[in-house]
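User: I am new to this structure and would like to learn how to read it step by step. Could you take me through its features, giving the general idea each time before the case at hand?

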Amino acid sequence: MARPILWIVIPCYNEEQVLPITAPLFREKLRELTEAGKISENSRVLFVNDGSSDRTWDLIRDMAEKDEHFIGICQSRNRGHQNAVLAGLMEAKDRCDITISIDCDGQDDINAMDRMVDAYLEGAEIVYGVRARRDKDTFFKRFTAEGFYKLMKTLGAEVVFNHADYRLISARVLQHLADFEEVNIFLRGMVPLVGFSSTTVSYDRAGRLAGKSHYPLKKMVALAFNGITSLSVKPITLITTAGIGFSLIGLILMIWAVVRAILGQTVAGWASTICIICLLGGIQLISLGILGQYIGKTYLETKRRPRYIISARTWEKEERRYLEDNTN
């Protein structure tokens with residue numbers, strides 16, 4: 001059996017501080033896997049520059065010129081982490097046998113790649129990297145993160161608990177993932193929908209090796225909400241159920257009020273009336289907001305805008321030179 005070609009896909013956004021530290025680690029891991037006979041010598045490290053405003057793209061181009069195992073693509077503008085990962089995967093799907101997506105910050109254990117590749121060689125088409133524990137997270141981060149995964153499961157979305165975007169995917173799976181054409185991307189939920197044999201590999205997560213996180217609470221909340229509304233319509237079902245429940249309660253209260261009025265037992269109740277109006281008004285606004293999110297997503301999907309646009313590739317010069325040489 002021929003050794004598989006591996007592309008390590010790494011999204012980068014303003015990573016000029018951490019890239020010089022982690023890039024050699026990825027290159028060394030590629031060398032170790034090659035020398036162990038697990039992957040082909042034609043394997044590569046693919047950096048995806050997500051419209052960085054610092055020197056990230058310059059660093060990627062410099063590394064690509066010095067070492068053929070480093071390659072990179074640059075997006076025309078910043079389009080977000082999920083789109084950057086997807087761009088790299090789609091770029092790799094026709095050029096390799098397996099991909100491993102991992103963040104650039106060095107927090108995910110690079111050595112877990114060995115077990116991922118072993119699982120693939122044993123027959124798994126998808127291998128999810130799963131955090132073994134969250135003891136280094138703050139209580140708030142741990143509570144919200146674990147609560148998110150539990151909420152996703154409750155709402156009917158198929159996600160792997162404590163899994164982010166550190167995973168191995170075979171080219172066979174990527175060919176089918178390419179058929180998912182939605183603009184609102186949430187890979188943690190999309191990949192399980194493709195199917196095929198899968199397994200998990202647990203690892204411990206460390207702190208960033210340099211620089212600062214580009215994923216504050218605001219972005220994490222937005223990602224969570226996007227994941228829920230992209231993968232499940234259960235919130236709409238819950239709204240309908242709540243609407244029916246409150247309608248029944250309102251009907252009972254209306255009958256009670258009519259009976260009290262007939263018996264002449266009505267009492268002024270300004271406070272209770274205001275409380276009920278505020279409660280129902282708040283519920284209605286929240287419901288309209290959730291419905292608006294779904295309508296907005298439908299609007300964006302119908303436009304069919306590109307999910308990413310690649311403005312440059314590090315190997316374009318070599319391809320042009322090759323074509324010129326063969327043409328002349």
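Analyst: Helices and strands are DSSP runs, a helix having at least four residues and a strand at least two, and they are numbered from the N terminus. In this model, which is predicted, the protein has 11 helices and eight strands.

User: How should I read the sheet, and what is the order of its strands?

Analyst: In general, strands of a sheet pair through backbone hydrogen bonds, either parallel or antiparallel. Here eight strands make an open sheet in the order 7-5-6-4-1-2-3-8, and the pairing is mixed. Strand 7 (198-203) and strand 8 (310-313) are the edge strands, each pairing on one side only, and from one strand to the next the twist averages 20°.

User: In which sense do strand 4 and strand 6 pair?

Analyst: Strand 4 (residues 98-101) pairs with strand 6 (residues 163-170) in the antiparallel sense, over four bridges. If you look for serine 101, its bridge partner in strand 6 is arginine 167.

User: Which strands does helix 1 lie across?

Analyst: Helix 1 (residues 19-35) lies across strand 1 (6-12), strand 2 (44-49) and strand 3 (70-75), and runs at about 170° to strand 1. Helix 3 (residues 81-92) lies across strands that include strand 1, strand 4 and strand 8, and runs at about 155° to strand 1.

User: Where do the loops have a positive phi in a residue other than glycine?

Analyst: One of these places is asparagine 14, whose phi is near 55°, and which lies in the loop between strand 1 and helix 1. Another is phenylalanine 196, with phi near 70°, in the loop between helix 7 (187-194) and strand 7.

User: Why is phenylalanine 196 called partly exposed, and is leucine 288 buried or exposed?

Analyst: The idea is that buried means under 20% relative accessible area and exposed means over 50%, with partly exposed in between. Phenylalanine 196 is partly exposed because its relative accessible area is 31%, whereas leucine 288 counts as exposed because its value is 56%. Leucine 288 lies in helix 10 (residues 270-303), and together with Leu291 and Ile295 it forms a nonpolar patch on the surface, with about 290 Å² of accessible area among the three residues.

User: How much of the whole protein is buried?

Analyst: Of its 328 residues, 42% count as buried. The protein exposes about 17900 Å², of which carbon and sulfur atoms supply 59%.

Conventions:
Residues are numbered from 1 along each chain as its sequence is written. This is a predicted model: local features need pLDDT of at least 70, side-chain atom pairs count only at pLDDT 80 or more; totals for chains, interfaces and linings use all residues. Side-chain values use heavy atoms; hydrogens and water are left out. Patches are made of residues with over 30% relative accessible area and no salt bridge: like charges are joined within 9 Å, nonpolar side chains (Val, Leu, Ile, Met, Phe, Trp, Tyr) within 5 Å. Accessible areas come from the Shrake-Rupley method with a 1.4 Å probe; for residues, only the protein chains shown count as cover. A salt bridge is a side-chain nitrogen of Lys or Arg within 4 Å of a carboxyl oxygen of Asp or Glu. Buried means under 20% relative accessible area, exposed over 50%, partly exposed in between (1.4 Å probe, protein chains only). Two strands pair if DSSP finds at least two bridges between them. Axes are lines fitted to C-alpha atoms, for helices over the stretch in contact, and angles run from 0 to 180 degrees between N-to-C directions. Contact means heavy atoms within 4.5 Å.
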